[in-house]
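Work through the exercises below with the sequence and the structure at hand. Each task is followed by a solution in steps.

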Amino acid sequence: MKPRRDTFAEDYIRETVAAVLDAANDSNFSQLELCWFEDVLNAYFDATVSSSSNIIAEARRQYAFRLNQAPAGRELCAPRRVSDGKSPVSIEDLRELADLRESVRHYTSEPVPTCVVDEAIDVALQSPTACNRVPWQIRVFTNSSEVHEIASIAMGTAGYIKSLSHIAVLVGDLSAYSHDRDRHLIYIDGSLAAMSFILALRAQNISSCCINWPDIRNREIRMAKRLGLQPYQKVVMLIAFGYADEDAIVPFSGKRDLESVRKFGELSVSGDEVN
Ligand SMILES: Cc1cc2nc3c(=O)[nH]c(=O)nc-3n(C[C@H](O)[C@H](O)[C@H](O)COP(=O)(O)O)c2cc1C
């Protein structure tokens, strides 16, 4: 916050400290995440050092034995200045990549190297997610019989399923949310990641096609069983990808014109009318 207050986060600092202390013994967390938790809490207790809040004082006592643990030389995973780097990608290049991307439904059997897939997933990982929870996984299938089976559980591939060479299942994870109101976030966060994944694939000359995941109970059950999904894990969409079969054709998919989707500051009624 600007300016920074000396008392904030009283509502949840106690549970945050407890969660961070627990996390140290939880092998599900990466080293980077543990450093991040610690550095943020250290920065928090620095920022609130002159607070008169008893809640913060008590949380500081509970956390005290960890304060200032970051070893010299390690990059701090705490708040930092906004980056001032200029974009290495021109708008023309980005536009060209966006134009190049098209939904391809026929692929060669050439395997996509794992490092190429990983690079694309790593780009997807940089996408924003609500509270930085990263509530998704990408399950990748490259074995053709598995690819065809997984694709067939979804709909939407009739007529070309046998031409698919790789398939990714984007799985959302609802376990990090305590409120019903947040149940859509896996679809939003997952879709933001999907777009980056798709563009990062295309930047490496790999084509792709999103495949709809329909909300149909028996298909949910089949996919959950096959992938070993937990009840809190939900499929967001499938993404077929691979090297495009150059003999195949793609449909013409003209887009709407800018004016039909862009509205600047158009309000229907005054603010008073909705209060
Ligand atoms: C969420 C989503 C679901 C889609 N599902 C399917 C599908 O099941 N089968 C299919 O052939 N294409 C599917 N597509 C691809 C669209 O048909 C395609 O994106 C659209 O026609 C525009 O073409 P373009 O991607 O080449 O620009 C899907 C796309 C999205 C974003």
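**Exercise 1: a helix pair**

Helices α1 and α3 are roughly parallel to each other, a class that takes in angles under 35 degrees, while over 145 is roughly antiparallel, 65 to 115 roughly perpendicular and the rest oblique. The model is predicted: local features need pLDDT of at least 70 and side-chain atom pairs pLDDT 80 or more, whereas totals for chains, interfaces and linings use all residues. Residues are numbered from 1 along each chain as its sequence is written, and side-chain values use heavy atoms, without hydrogens and water.

Task: find the angle and axis distance at which α1 and α3 pack, then list the residues that make the contact.

Solution.
- Step 1. Locate the elements: α1 covers residues 13-23 and α3 covers residues 54-63. Helices (H or I, at least four residues) and strands (E, at least two) are DSSP runs, numbered from the N terminus.
- Step 2. The angle is about 10° and the axes are 9 Å apart. Axes are lines fitted to C-alpha atoms, for helices over the stretch in contact, and angles run from 0 to 180 degrees between N-to-C directions.
- Step 3. From α1 the contact takes Ile13, Arg14, Val17, Val20 and Leu21; from α3 it takes Ile55, Ala59, Gln62 and Tyr63. Contact means heavy atoms within 4.5 Å.
- Step 4. Sorted by class, the residues of this contact are seven nonpolar, one polar and one charged. Ala, Val, Leu, Ile, Met, Phe, Trp, Tyr, Cys and Pro count as nonpolar, Asp, Glu, Lys and Arg as charged, and the others, Gly among them, as polar.

**Exercise 2: the sheet and its helices**

Task: give the strand order of the sheet, name its edge strands and place α5 and α6 against it.

Solution.
- Step 1. The order is β1-β2-β4-β3, in an open sheet of four strands with antiparallel pairing. Two strands pair if DSSP finds at least two bridges between them.
- Step 2. β1 (136-141) and β3 (207-211) are the edge strands, each pairing on one side only. From one strand to the next the twist averages 25°.
- Step 3. Helix α5 (residues 114-125) packs on the sheet and touches β1 and β4, with its direction at about 165° to that of β1.
- Step 4. Helix α6 (residues 144-153) lies across β1, β2 (166-173) and β4, and runs at about 50° to β2.

Task: how many bridges join β4 to β2 and to β3, and which residues are partners?

Solution.
- Step 1. β2 and β4 are joined by eight bridges; Ile167 stands opposite Ala240 of β4.
- Step 2. Five bridges join β3 to β4 (residues 233-242). Ser207 has Gly242 as its bridge partner in β4, and Cys210 has Ile239.
- Step 3. Of the ten residues of β4, nine are buried (under 20% relative accessible area; exposed is over 50%, partly exposed in between, with a 1.4 Å probe and protein chains only).

**Exercise 3: the loop between α5 and β1**

Task: decide whether Ser127, Cys131 and Asn132 are buried, partly exposed or exposed, and describe their surroundings or backbone.

Solution.
- Step 1. Ser127 belongs to the loop between α5 and β1. Its relative accessibility is 8%, so Ser127 is buried.
- Step 2. Leaving aside residues up to four places away in sequence, Ser127 touches Leu192, Ala193 and Ser196. The side chains of Ser127 and Ser196 make a polar contact of 3.4 Å. A polar contact is a pair of N or O atoms within 3.5 Å; within protein, one must be able to donate a hydrogen and the other to accept it, and residues adjacent in sequence count only if both atoms are side-chain atoms.
- Step 3. Cys131 lies in the loop between α5 and β1 and has a positive phi, near 55°, without being a glycine. Its relative accessible area is 65%, so Cys131 is exposed.
- Step 4. Asn132, found in the loop between α5 and β1, is not a glycine and has a positive phi of about 55°. Its relative accessibility is 41%, so Asn132 is partly exposed.

**Exercise 4: a buried aspartate**

Task: which backbone atom lies 2.8 Å from a polar side-chain atom of Asp39?

Solution.
- Step 1. Asp39 sits in helix α2 (residues 31-47) and is buried at a relative accessible area of 2%.
- Step 2. The atom is the backbone nitrogen of Cys77.
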